[in-house]
Amino acid sequence: MSSETAQAAAGGSVESKGLKSDALGLASATVIGVASTAPGYSLAATLGVVTAAGVGFKAPAIMWIAFLPMACIASAFYYLNRADPDCGTNFSWVTRSIGPRWGWMGGWSSMVADLIIMPSLAAIAASYTLSLFGLHSQADNLWWQLALGILFIMAMTWICVVGIELSARSQLILLGTELGVLVLFSVVALYKVWAGKIHGSVQPSISWLTPTNMGGAKALTEGMLAAVFIYWGWDTATSVNEECEDSSQTPGKAGVLSTFILVAIFVVVTFAAQAVQGPGYLSDNSSDVLSATGSIVFGTTGIGWFCLKLLVLAVLTSSAASCQTTILPAARTALSMAMHRAAPAKLGEVDPKRLTPAFSSWLYGVISCVWFTALTLLTRYQGGDVLTWSALGVGLMISYYYGQCGFACVIYYRRYLFKSVKNFFFVGLLPLIGGITLAFLFVYSLKDMTKSDYTDPAANWFGVNPVMVMGLGALLLGLPLMFWWNTHDHAFFRVRPDPIDTRPPPEGGDPLPALVEPGAPR
Amino acid sequence: MAGEVVLGYDGQHGSEVALRTATQIAAAFKRPLVIVFGYSPTLMGGDVGDLRRAVRELGEQFTEKAVADVKALDPSVEVEVQLVDLRPAEAVLEVARVRDALAIVIGATGEGPMKGALLGNVTYQVVHRSTRPVVVVPEPDED
């Protein structure tokens with residue numbers, strides 16, 4: 001323990017903010033980072049979507065390329081979090097650096113991103129639950145899908161509201177099983193392909209990993225759009241790592257460690273999975289890609305059967321973790337916005353018994369169920385599939401709000417960028433590259449979606465691509481809401497971005513003043 | 001100073017019952033009572049800043065009432081409040097360790113050991129990880 005902690009505790013003061021945990025060691029910090037990204041679920045949800053984008057055999061390459069802009073943005077997250085650790089949301093960062101209206105849209109877009117991915121989570125949970133119990137005949141049954149999906153969303157919301165939290169050890173066991181079974185899957189798949197034991201397999205090639213001949217700009221951006229989503233949540237590790245402040249080594253190490261684990265697991269599993277039957281098989285079975293490929297790799301009898309069930313179970317626990325790391329930030333962003341008077345006060349209520357933002361969590365859970373039902377019905381009767389649309393739609397949202405964060409970092413620290421090489425590189429250049437890449441991805445994808453051959457020609461709402469309606473529509477819906485709230489309570493919108501005398505340097509500094517003064521008039 | 005009685009407090013009925021016992025112990029041994037409220041939310045899901053602040057404000061209200069309750073029960077007991085930026089169980093353990101507490105007093109939750117172990121129940125964690133004696137106070141039947 002630090003001497004500051006000892007003093008704070010022994011000094012007998014009522015205030016003891018100095019007490020910080022250094023119990024959050026390397027393992028825990030890494031676990032939170034990796035678990036927030038939920039590799040099992042991310043792979044289950046995107047493998048088929050990425051291969052369907054028309055990148056041929058280049059899906060493994062897409063997996064690591066998509067990581068690059070995300071890593072750049074992680075640097076922005078890290079430094080913005082240093083300036084404003086007491087808030088720690090994208091919403092308040094953008095407000096401080098660019099202005100309240102952009103900040104409001106930043107908060108809105110991150111909540112909408114969380115909402116757009118919920119149908120994908122619910123659909124994966126439903127189909128892998130059916131797969132776990134061997135109920136394959138029910139897999140296409142609309143009512144089973146809806147019932148299981150809604151049950152899953154509500155159960156996860158309840159867990160977030162009650163504040164049930166797995167102990168560090170249970171989390172480590174779950175995550176260990178998840179990673180272990182994914183590695184096992186890859187190793188067995190590659191061995192069997194190499195030994196010629198799988199009929200219809202494709203001999204792997206190192207060229208699957210090289211960033212050349214990616215099938216054109218359209219395929220590349222569509223693949224990227226689906227793939228940025230797999231790294232979404234990884235930034236949580238950066239902000240959480242700030243929590244283990246006492247040990248100067250742990251934060252950096254945990255960040256680097258979780259990064260390597262994630263990139264390695266995504267690339268290796270994609271590599272192995274497409275060797276089994278080629279990329280076409282993955283896109284044809286996108287809704288249950290890991291259990292379909294897994295049944296070929298492990299077989300359906302004996303020890304193989306057990307491994308297959310373990311794989312399915314790992315995807316399920318991973319979905320549960322991912323669902324929680326989707327509901328929690330959404331509810332917390334709502335709470336943040338309410339606390340800074342950017343949203344109705346009701347959303348900022350903390351349940352006195354559970355100590356969680358219960359109201360905003362339930363509201364979010366219910367809206368998720370409605371959206372899941374609507375999307376499931378729409379895709380059922382209009383063509384297309386839930387996973388593809390959710391992954392691409394959320395890719396749009398992530399590009400928007402992560403990109404915005406990259407620019408926010410550069411604007412916020414603009415006076416410090418040339419103070420040192422380190423600043424220039426990590427606070428300026430990387431966030432800027434990330435921001436520009438994601439902005440390009442956002443604009444190019446939108447432009448691409450206006451063409452009729454995008455993702456699914458059969459699906460067409462009002463003459464426009466449904467993913468675009470969903471993504472851009474949800475984003476733009478924020479504008480009238482923002483203007484409505486502005487007429488209701490103007491206090492937040494009077495916030496001036498970035499007053500020079502209050503801005504701490506990238507090395508950190510005193511806490512920033514509140515965005516909105518307590519008791520400010522409407 | 002060392003040898004205080006440390007009370008894990010969350011403002012709920014169980015910890016109000018524990019508060020009575022803690023006050024009695026503090027009075028009997030003539031030791032100060034330290035009321036601990038850990039306000040850090042779970043780090044899963046990120047974006048903890050504003051929630052932490054909101055929970056801390058709740059903690060201030062709760063512990064203010066707790067101090068008044070102790071004074072009403074026994075005005076001679078010296079009371080101190082510690083709002084700690086840790087998860088509830090960590091907060092209690094940390095303060096008890098730093099103060100070399102005489103004992104930790106905490107309310108029972110009535111959950112079984114299996115559930116407690118899996119879900120990281122606060123009482124369960126404190127009982128099993130504390131280096132100090134722990135007094136677990138059950139809620140009386142009539143409630």
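**Exercise 1. Two helices of chain A**

At roughly what angle do the axes of helix α5 (residues 67-83) of chain A and helix α18 (residues 421-449) of chain A cross? Classify the arrangement and name the residues that meet.

Solution. The model is predicted.

Step 1. The axes of α5(A) and α18(A) cross at roughly 130° and come within 8 Å.

Step 2. An angle from 65 to 115 degrees would count as roughly perpendicular and one over 145 as roughly antiparallel. The crossing angle therefore makes α5(A) oblique to α18(A).

Step 3. The hand of this crossing between α5(A) and α18(A) is left-handed.

Step 4. On the α5(A) side, the residues that meet α18(A) are A:Pro69, A:Cys72, A:Ile73, A:Ser75, A:Ala76 and A:Tyr79. Those they meet in α18(A) are A:Phe426, A:Val427, A:Leu430, A:Pro431, A:Ile433, A:Gly434, A:Thr437 and A:Leu438.

Step 5. For the spacing of such positions, recall that an α-helix has 3.6 residues a turn, so residues three or four places apart point the same way.

**Exercise 2. Enclosed helices of chain A**

Find how many residues of helix α6 (residues 90-97) of chain A are buried, and name what covers them. Then treat helix α14 (residues 289-298) of chain A likewise for burial.

Solution.

Step 1. In α6(A), 8 of the 8 residues are buried, so the helix is largely enclosed by the rest of the structure. The buried set includes the charged-type name A:Arg96 alongside A:Trp93 and A:Phe91.

Step 2. The cover over the buried residues of α6(A) includes α5, α7 (100-132), α15 (302-339) and α17 (386-412) of chain A. Helix α5(A) also takes part in the crossing with α18(A) of Exercise 1.

Step 3. After α6(A) comes A:Gly99, with a positive phi near 145°.

Step 4. In α14(A), 8 of the 10 residues are buried, so this helix too is largely enclosed by the rest of the structure. Its buried residues are A:Val289, A:Leu290, A:Ser291, A:Ala292, A:Thr293, A:Gly294, A:Val297 and A:Phe298.

Step 5. A:Gly299 follows α14(A), and its phi is positive, near 80°.

**Exercise 3. The strands of chain B**

State the order of elements in chain B, then place strand β1 (residues 5-8) of chain B among its partners.

Solution.

Step 1. Chain B has 5 helices and 5 strands, in the order β-α-β-α-β-α-β-α-α-β along the sequence.

Step 2. β1(B) runs parallel to strand β2 (residues 33-38) of chain B, joined by 4 bridges. B:Gly8 has B:Val36 as its bridge partner in β2(B). Between β1(B) and β2(B) the chain passes through helix α1 (residues 13-29) of chain B, a right-handed β-α-β crossover.

Step 3. β1(B) also runs parallel to strand β4 (residues 103-107) of chain B, through 3 bridges. Here B:Val6 is partnered by B:Ile104.

Step 4. B:Val5 and B:Leu7 point one way from β1(B), B:Val6 and B:Gly8 point the other way, and all are buried. Over the whole of chain B, buried residues make up 50% of the 143 residues.

**Exercise 4. A helix pair in chain B**

Describe how helix α3 (residues 88-99) of chain B and helix α5 (residues 122-129) of chain B are packed.

Solution.

Step 1. Their axes come within 9 Å and cross at roughly 30°. α3(B) and α5(B) are therefore roughly parallel to each other, and their crossing is right-handed.

Step 2. B:Pro88, B:Ala89, B:Val92 and B:Leu93 of α3(B) make the contact with B:Val122, B:Gln125, B:Val126 and B:Arg129 of α5(B).

Terms used
Residues are numbered from 1 along each chain as its sequence is written. Chains are lettered from A and ligands numbered from 1 in the order in which they are written. This is a predicted model: local features need pLDDT of at least 70, side-chain atom pairs count only at pLDDT 80 or more; totals for chains, interfaces and linings use all residues. A residue is buried if 20 or more other C-beta atoms lie within 10 Å of its own, exposed if 12 or fewer, and partly exposed in between; C-beta atoms are placed from the backbone. Two strands pair if DSSP finds at least two bridges between them. A crossover is right-handed if, with the strands pointing away from the viewer, the path from the first strand over the helix to the second runs clockwise. Axes are lines fitted to C-alpha atoms, for helices over the stretch in contact, and angles run from 0 to 180 degrees between N-to-C directions. Angles under 35 degrees count as roughly parallel, over 145 as roughly antiparallel, 65 to 115 as roughly perpendicular and the rest as oblique. A crossing is left-handed if the near helix is turned anticlockwise from the far one by less than a right angle, and right-handed if clockwise. Two residues are in contact if their C-beta atoms, placed from the backbone, lie within 7 Å.
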